[in-house]
Amino acid sequence: MRTERLIAPSLLSADFGHLADAIQSVDNADWLHIDVMDGMFVPNISYGQPVLKCIRKFTGKPLDVHLMIMQPERYIESFKEAGADILTVHYEACTHLNRTIHTIRETGMKSGVALNPATPICLLEDIITDVDMVLIMSVNPGFGGQKFIENTYRKISQLKDMMIRRNACCHIEIDGGVNTENASRLFDAGATVLVAGNAVFKSADPASTIDELRSEKPVEFIA
């Protein structure tokens, strides 16, 4: 099992008018998380390949692109060309998930599959050995600033059990409602990548917040 403690700030929460400055403010992050929304799979529309190309010019960090769009297979090549390093598609949005995952990997990108809060882990049984990452949504996708869904911890446990049983080795990424209060518990539960938006970009010191999210907090002894 992986044991990394990676932080991927979500640029959806950054100031779009000063995107280069926002990226520089989180230079100690491990990845940058890019949420792409189409107004169909989720209600909101965010940004696409042209903005991703701009982001790529500002940083050499891995770009973790999360496609919250219908029929994501149509855009795999274009996101690779725009600079994506990791491309995650939603289980709920893919008619032919196996084909889509393998197409992503054939381009040289890492592949990820995301699950909405109400989508059970068991549906990944036949794809878990083919993906580089599973993204567990800990809020309903489409809006920032939502409250963390506590059932996420149970889903992490179920995913870890499946990975052990199937001898799979992929990242477990958590997206939604992540903050300095729950980050340590999420890592301890088995997550290896945490996406944080408002917690990072709304803080007075984004870099310090990233360090705090990543750090191991001591467990308080109770006699």
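## A charge over a ring

Which charged end sits over the ring of Tyr153? In this predicted model, that role goes to Arg185, placed 3.7 Å from the ring centre.

## Aromatic pairs

Searching the whole structure turns up two aromatic pairs. One of them joins Phe16 and Tyr47, with 5.5 Å from centre to centre and 50° between the planes, a tilted arrangement. Phe16 sits in the loop between β1 (6-9) and α1 (19-25), while Tyr47 belongs to the loop between β2 (32-37) and α2 (49-58), so this pair ties together parts that lie 31 residues apart in sequence. As for solvent, Phe16 is partly exposed at 45% relative accessibility, whereas Tyr47 is buried, with a relative accessible area of 10%.

The other pair brings us back to Tyr153, whose ring partner is Phe148: the centres are 5.4 Å apart and the planes make an angle of 55°, so this pair is tilted too. Here both residues, Phe148 and Tyr153, are buried. Tyr153 therefore has two things going on at its ring, namely the pairing with Phe148 and the charged end of Arg185 sitting over it.

## Strand β5 and its neighbours

Strand β5 covers residues 110-115, and five of its six residues are buried, which leaves the strand mostly covered. On one hand, β5 pairs with β4 (residues 86-90) in the parallel sense, over five bridges; Ile86 has Lys110 of β5 as its bridge partner. On the other hand, β5 pairs with β6 (residues 133-137), again in the parallel sense, over four bridges. In that pairing, Gly112 is matched with Met133 of β6. The link between β4 and β5 involves helix α4 (residues 97-106), and these three elements make a right-handed β-α-β unit.

For a look from inside β5, take Ser111, which lies in this strand. How buried or exposed is Ser111? Its relative accessible area is 0%, so it counts as buried. Setting aside neighbours within four places in sequence, Ser111 is in contact with Leu87, Ile101, Ile104, Arg105, Asp130, Val131, Asp132 and Met133. Of these contacts, Met133 has already come up as the bridge partner of Gly112.

## Two positive phi angles

Most residues other than glycine have a negative phi. Two loop residues are worth a look with that in mind. Gln71 isn't a glycine, yet it has a positive phi of about 50°. You'll find Gln71 in the loop between β3 (63-68) and α3 (76-82), where it is partly exposed, with a relative accessible area of 42%.

Asn167 is another case, with a positive phi near 55° in a residue other than glycine. It sits in the loop between α5 (152-166) and β7 (171-175). At 73% relative accessibility, Asn167 counts as exposed.

## Cysteines without a bond

How many disulfides does the model have? The count comes to zero. For Cys122, the closest cysteine sulfur is the one in Cys170, and at 16 Å it is too far away for a bond. Cys122 is exposed, with a relative accessible area of 54%.

Cys170 is in no disulfide either: its nearest cysteine sulfur belongs to Cys169, at 7.3 Å. A disulfide needs the two sulfur atoms within 2.5 Å. Unlike Cys122, which is exposed, Cys170 is buried, with a relative accessible area of 2%.

Conventions:
Residues numbered from 1 in each chain as written. Predicted model: local features only at pLDDT ≥ 70, side-chain atom pairs only at ≥ 80, totals over all residues. Heavy atoms only, no water. Phe/Tyr/Trp six-rings, centres within 6.5 Å; stacked < 30°, edge-to-face > 60°. Buried < 20%, exposed > 50% of the residue type's maximum accessible area, 1.4 Å probe, protein only. Lys NZ or Arg CZ within 6 Å of the ring centre and 35° of its normal. Pairing = 2+ DSSP bridges. Right-handed = clockwise from strand over helix to strand, strands pointing away. Contact = heavy atoms within 4.5 Å.
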